[in-house]
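I sat down with this one to see how the chain is put together and which charged side chains pair up. My notes follow in the order I looked things up.

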Amino acid sequence: MRNGDTGTTPDARVGTDWGRELVAWVNKRKYYPPQAAMQGEDGEVTVRAQVMANGRVTSVDLVRRSGSRWLDMALVALFRDQTVPPPPAGE
């Protein structure tokens, strides 16, 4: 994942403050799998996460694969069964 890439599709209705909070949440928790590093693998991964009003992630779907199963699994695992910053009310 690149810096600032949350792995989510931006939505103009969601406030920029929440977007920054989510990016900070991802940046604090993201990691580069050692298996991918040892094999010199890199790439961009995109996931779609459904989030409840309280920030609880209820599902994570792999939208675009990176070409590395390790990177793909790492991003999905980053969101699975987690609680992210809650989205703005009504979103």
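How exposed is Glu 44? I get a relative accessible area of 33%, and with exposed starting only over 50% and buried ending under 20%, Glu 44 therefore goes down as partly exposed.

**Confidence.** This is a predicted model, so I checked the scores before going further. The protein chain averages a pLDDT of 85, and 82% of the residues score at least 70. Residues 1-13 are the stretch I am wary of: pLDDT stays under 50 there. The model still has 25 contacts beyond four places in sequence for that stretch.

**Layout.** I counted three helices and two strands in the protein chain. Reading from the N terminus, I wrote the order down as α-α-β-β-α. Of the 91 residues, 33% count as buried. I also looked at contacts with a separation of 6 or more, and 65% of them join residues 24 or more positions apart. The accessible surface comes to about 5900 Å², and carbon and sulfur atoms hold 50% of that.

**Core.** Next I went inside. The largest nonpolar core has 16 residues, and those with the most contacts inside it are Trp 25, Val 47, Val 60, Leu 75, Leu 78, Phe 79 and Val 84. I then asked which elements give two or more residues to this core, and found α1 (16-29), β2 (57-64) and α3 (69-79). Helix α3 gives the most, with six residues. I picked Val 60 for a neighbor list: leaving out residues up to four places away in sequence, Val 60 touches Val 47, Arg 48, Ala 49, Val 76, Phe 79 and Arg 80.

**Salt bridges.** How many are there? I count three.

I started with Asp 17 and Arg 20, whose side chains meet at 3.4 Å, N to O. Both residues lie in helix α1, three residues apart, which is about one turn of the helix. Asp 17 and Arg 20 are both exposed.

Then back to Glu 44, which I had opened with. The side chain of Glu 44 forms a salt bridge with that of Arg 64 at 3.1 Å, N to O. Glu 44 sits in the loop between α2 (34-38) and β1 (46-51) and Arg 64 in strand β2, so this pair ties together parts that are 20 residues apart in sequence. Arg 64 is partly exposed too, with a relative accessible area of 40%.

The third salt bridge joins the side chains of Asp 72 and Arg 65 at 3.8 Å, N to O. I noted opposite settings for the two partners: Asp 72 counts as buried at 5% relative accessibility, whereas Arg 65 is exposed with a relative accessible area of 62%.

**Ser 66.** What else does the side chain of Asp 72 meet? I found a polar contact with the side chain of Ser 66, at 2.8 Å. Ser 66 is in the loop between β2 and α3, and at a relative accessible area of 15% Ser 66 is buried. A polar atom of the Ser 66 side chain also lies 2.9 Å from the backbone nitrogen of Ser 68. Last, I listed what Ser 66 touches beyond four places in sequence: Asp 42, Gly 43, Glu 44, Val 45, Leu 71 and Asp 72. That list brings me back to Glu 44, one of the residues Ser 66 touches.

Conventions
Residues are numbered from 1 along each chain as its sequence is written. This is a predicted model: local features need pLDDT of at least 70, side-chain atom pairs count only at pLDDT 80 or more; totals for chains, interfaces and linings use all residues. Side-chain values use heavy atoms; hydrogens and water are left out. Helices (H or I, at least four residues) and strands (E, at least two) are DSSP runs, numbered from the N terminus. Buried means under 20% relative accessible area, exposed over 50%, partly exposed in between (1.4 Å probe, protein chains only). Contact means heavy atoms within 4.5 Å. Accessible areas come from the Shrake-Rupley method with a 1.4 Å probe; for residues, only the protein chains shown count as cover. A nonpolar core is a set of buried Ala, Val, Leu, Ile, Met, Phe, Trp, Tyr and Cys residues joined through side-chain atoms within 4.5 Å. A salt bridge is a side-chain nitrogen of Lys or Arg within 4 Å of a carboxyl oxygen of Asp or Glu. pLDDT is the predictor's confidence in each residue, from 0 to 100. A polar contact is a pair of N or O atoms within 3.5 Å; within protein, one must be able to donate a hydrogen and the other to accept it, and residues adjacent in sequence count only if both atoms are side-chain atoms.
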